[in-house]
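Thank you all for coming. I would like to walk through one model, taking its helices, then its largest pocket, and finally its nonpolar core.

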Amino acid sequence: STKIRWATLALLLTLPSTASVTQPPLLTTFQTQRTYDMQQLSKAQMNQLRESSKQRESSGRYGVVNKRGFTGAYQFGLPALEDLGYIKKGTFDRLTAANKSANSGLTDPANWTGKDGIKNVQDFKANKEIQDLSFERRINNSILDLTQRGVLTDSSTLEEIAGSAFAAHLIGASGFATKGLG
């Protein structure tokens, strides 16, 4: 099942109890809004997801780069930053065709688009607001993608939504939808 172990992720993220929260249906929300705006998670729950993710990924450090080249507080890789428009389209495909590590492309300023004034990896690491906004965008895009793939439905709980979206942040929505975490 594509929802394998979402409950484990939800526990890791320690979202507050949602028993008293009334949720609008996901599909109705998507049908009426061009951009999903996290109505399924309250502002406090989104903040908790953001903080939990940041602590798990980087101990809350925005300027960190791990040994595999994942960057920032949320440990973004080149494919995620390309999806978000910070890296030029086609960069991932070009690097993988040349048998290069995708994340190696983060250090080349020529690969960056300049979106939101971010012209290189140093700009990205130094900008907390952009990293936080990028994480929210990534979560929103993941929820939309997972809903379109049928992984998330109108009956998905807040824990399923948050856990699945965080898993998609880590391994991509397509990877999570087809392979789950197993």
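Let me begin with a term: a residue is called buried when its relative accessible area is under 20%, exposed when it is over 50%, and partly exposed in between, with a 1.4 Å probe and protein chains only. Helices here are DSSP runs of H or I with at least four residues, strands are runs of E with at least two, and both are numbered from the N terminus. This is a predicted model, in which local features need pLDDT of at least 70 and side-chain atom pairs count only at pLDDT 80 or more, while totals for chains, interfaces and linings use all residues. Residues are numbered from 1 along each chain as its sequence is written, and side-chain values use heavy atoms, with hydrogens and water left out.

Consider helix α8 to start with, where 11 of the 14 residues are buried, among them E160, F166 and H169. The expected span of a helix is 1.5 Å times one less than its number of residues, so α8, residues 158–171, should span 20 Å, and its end C-alpha atoms are indeed 20 Å apart. Just after α8 comes G172, with a positive phi of about 90°.

Turning to α3, residues 43–58, the expected span is 22 Å, in agreement with the 22 Å between its end C-alpha atoms. The buried residues of α3 include M46, L49, R50 and S53. S53 counts as buried because its relative accessibility is 0%, and a polar atom of its side chain lies 2.7 Å from the backbone oxygen of L49. After α3 comes S59, whose phi is positive, near 55°.

Now the largest pocket. A pocket is an open set of points on a 1 Å grid over the protein atoms alone, with protein on both sides within 12 Å along at least five of seven lines, and lining residues have an atom within 4 Å of a point. The largest one holds about 610 Å³ of space, and of its 26 lining residues the closest to the centre are F70, R138, H169, L170 and I171. Both α3 and α8 are among the elements that give two or more residues to this lining.

Which element gives the most to the largest nonpolar core? A nonpolar core is a set of buried Ala, Val, Leu, Ile, Met, Phe, Trp, Tyr and Cys residues joined through side-chain atoms within 4.5 Å. The largest has 36 residues, of which F76, L81, W112, F135 and L146 touch the most other members, and α8 gives the most to this core, with seven residues.

How values were computed: Polar contact = N/O pair within 3.5 Å; in protein donor to acceptor, adjacent residues only side chain to side chain. 1 Å grid on protein atoms, 1.4 Å probe; cavity = no way out; pocket = protein on both sides within 12 Å on 5 of 7 lines; lining within 4 Å. Points joined across faces, edges and corners; volume = space filled by probe spheres on them.
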